[in-house]
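Got the viewer open and a selection box ready? Let's walk through this one stop at a time.

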Amino acid sequence: MPGVRAAGGFEEAHSHATSHLLLPEDPQLLAGSGPLVLVDDEFSTGNTVLNTIRDLHARHPRSHYVVVALVDMRSAADRDRLTAFAAELGARVDLIALASGTVSLPEGVLAKGQALVEEYEARTAQPERDRGGPADAADAPRPVTRVDLDWPAGVPDGGRHGFTTAHRTRLEAALPGLAGRLAAALGENPGRVLVLGNEELMYAPLRLAKALEDAGAAREVRFSTTTRSPVLAVDDPGYAIRTRLVFPAHDAPADGPGDRYAYNVHSTDGAGFDAVVAVVDSAGDTPELHTGLLAALAPHTGHVVLAVVPSYTPDRREPKPIMTELSEPTALSELSDPILREPLRGPAFSSYASEDVGWLLQDFSDVELEAPTEEREEAIQAGGAHYAESLPVEYQPSPRYQELYQSALAASAVRVARAVGTVTETVLAERSPSPVLVSLARAGTPVGVLMRRWARARHGLDLPHYAVSIVRGRGIDANALRWLAAHHDPADIVFVDGWTGKGAITRELRDALAEFPGFDPEIVVLADPGSCVPTYGTREDFLIPSACLNSTVSGLISRTVLRSDLVGPADFHGAKFYRELAGADVSVAFVDTVAAHFDAVAEAVDEEVKELLAADRTPTWVGWAAVERISEEYGIHDVNLVKPGVGETTRVLLRRVPWKILAQRGAGADLDHVRLLAEQRGVPVEEVDGLPYTCVGLIHPRFTRGATGADGKAVASK
């Protein structure tokens, strides 16, 4: 909500709505020392409760929490986890439920369920009137009666921003009049009445339904709400969901259009409702409401009544500056937007599964950002543009190069799996038992996905993982950091990248985080050939297959973009989702191939981690020294044009205008793809001695288009 600062929140990757926020109009509503009561419908694992209490306790510690639900379905391990959690907090946590039980799934239940769905969905694919609707459903549409509720001004429609004793007193005083206006609209003897709420808008419609019942305005009053959740309807007396209506969303949801559902509104045996009162908030009172939900209701009831409750907007007409731990005083409107925004997730953005990674980025898929490589290089070196202001044209690998990638993956998957295990176990041992992985888009993102997979496979941990943008010379996305700090403890944030070259991004991150207390600036990487970081999977400079490709191994996401006309003060940096390249995408296949070796390398990882934890891993920055030496020896005089390591050299050949490649004498198959790319671009490969890396890519110094041939290939140096 613009103008409301988040007073707490967390991410839950497996939830249908991943971002959980606390948005009280009065932030002090959550402060205090007395017991805090949390109410839910059911406990399955208890994760949501634990995450909520953890976030609240960090902001407003108290000694006693009471958690209430209808049903408790947690396992013994989940119960033990709550006990340990309370001990860790040093607080009392009581859990109360009306009933408890366990869930057991019989063998083959998924296959049987799929067969059942296919059977009934095929059966109900016929027109609505053939599924039990009245015979005259196609007759002239029945009119909808709109009733003016005269809702009391200033009373919220629910608890999102806080519902106080004063609010309740005013609502209860108004309810008889509200029910009277509904009864007048329904007319005399309305029979069976359903009051239908709208998704999360439940409290206000339920109070209206109870007031109607108390007033004796109908023979019978029932209540239910529409939902996003698709449930199979089976017309059987022993089944809970007998019928369903399907209609399009009508409230312009942030995640785009989609189907919504109303269950048991109509009946196949004639025992339906004589009238339906649809209650929506003013944000949902749209033309689409009439052509969607109301039109779907009309054939199945004798009377449709529409009641609109005003959408409550907290009074923030004069926002005051607030202090955060992250910055100088900032206007609420500037800070709250990025904090309240949900991460982009697949499949809508990226080919990764939604739980694999949340992208703290804007979607620039419809913006034309690509420029020819030579034009970009000339503009960058002339100082007229920054590399993050445009994108190179995505490299389309030839069949020969794709074969080379596949052979490289087959050859190094075990080595990558071992490095993934080593860096993940080191993080869990030294940084946090429950880290929040934040990969630097996009080279770090496949590594973050793999680290998350390792933690789940070896320890049963469901680690949050996000991708953020960092730009050399411009720093990390500050709004992404603010979002992370609002949803997680900054001390748990672990920044992840694929590899270190000379350590430029390592230094960039450390400098950028100096303004953001609480974050650990030490990045973790899969490979650290430059000896720039203390936490790594290996310090060998070997071919990480994901370095061979661009978006097609990184969820089909471009490199990140930072341009002033596209990224405002309250915006995330941006990137493109190349949906059109789906046919060439190997992102998930890469992760699956590496993860298939996790069990095989587990023992070796355990031994390696023991050695690493006892070793002196202080960075020597030997790579940086080598880059400075090469820059001078080859007359470049700019370390930014020297890209050391297999990964960085590959990027030079794919995205920049390369001048020459320096290869360690005797380097073998790890450089096959580098040699192929160099051949395709007409770039010489020089074998040299004394390199701390397997290879180093040199970008063409003092580049102009006149320094290349008409085909864009680099000419020999003079």
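Start with the whole chain: of its 718 residues, 52% count as buried, where buried means under 20% relative accessible area, exposed over 50%, and partly exposed in between (1.4 Å probe, protein chains only). Keep in mind that this is a predicted model, so local features need pLDDT of at least 70 and side-chain atom pairs count only at pLDDT 80 or more, while totals for chains, interfaces and linings use all residues. Residues are numbered from 1 along each chain as its sequence is written, and side-chain values use heavy atoms, with hydrogens and water left out.

Switch to cartoon view. The chain's secondary structure comes to 17 helices and 29 strands; these are DSSP runs numbered from the N terminus, with helices being H or I of at least four residues and strands E of at least two. Among contacts (heavy atoms within 4.5 Å) between residues at least 6 apart in sequence, 77% join residues at least 24 apart.

**Stop 1: a loop**

Select Gln28, in the loop between β2 (19-22) and β3 (36-39). Gln28 counts as exposed, at 54% relative accessibility. Now add Ala7: the two are 21 residues apart in sequence, and their C-alpha atoms are 9.1 Å apart in space.

**Stop 2: two crossing helices**

Next, select helix α4 (residues 165-186) and helix α5 (residues 203-214), whose axes come within 9 Å and cross at roughly 70 degrees. That makes α4 roughly perpendicular to α5, a label for angles of 65 to 115 degrees, with under 35 counting as roughly parallel, over 145 as roughly antiparallel and the rest as oblique. The axes are lines fitted to C-alpha atoms, for helices over the stretch in contact, and the angles run from 0 to 180 degrees between N-to-C directions.

Which residues meet here? Show sticks for Leu171, Glu172, Leu175, Leu178, Ala179, Leu182, Ala183 and Leu186 in α4, which meet Tyr203, Arg207, Leu208, Ala211 and Leu212 in α5. The contact divides into eleven nonpolar residues, no polar ones and two charged. In that split, Ala, Val, Leu, Ile, Met, Phe, Trp, Tyr, Cys and Pro count as nonpolar, Asp, Glu, Lys and Arg as charged, and the others, Gly among them, as polar.

**Stop 3: salt bridges**

The structure holds 30 salt bridges, each a side-chain nitrogen of Lys or Arg within 4 Å of a carboxyl oxygen of Asp or Glu. Try Arg92 and Asp94, which pair at 2.8 Å, N to O; Asp94 is partly exposed, with a relative accessible area of 23%.

Then select Arg146 and Asp285, bridged at 3.1 Å, N to O. This pair links distant parts of the chain, with Arg146 in strand β7 (residues 144-147) and Asp285 in the loop between β12 (275-281) and α6 (287-297), 139 residues apart. Arg146 is partly exposed at 47%, and so is Asp285 at 27%.

Move on to helix α15 (residues 622-633), where Arg629 and Glu633 sit four residues apart, about one turn of the helix. Their closest N and O atoms are 3.4 Å apart, in a salt bridge. Arg629 is partly exposed at 35% relative accessibility, whereas Glu633 is exposed at 53%. For a network, pick Asp72, Arg74 and Arg79, joined by salt bridges that share partners.

**Stop 4: one side of a helix**

Finally, select helix α13 (residues 587-595) and highlight its buried residues: Ser587, Phe590, Val591, Val594 and Ala595. They lie on the same side of α13 because they cover an arc of only 125 degrees around the axis, taken from the directions from the helix axis to the C-beta atoms. What covers them includes α9 (399-430), α10 (444-459) and α14 (598-614).
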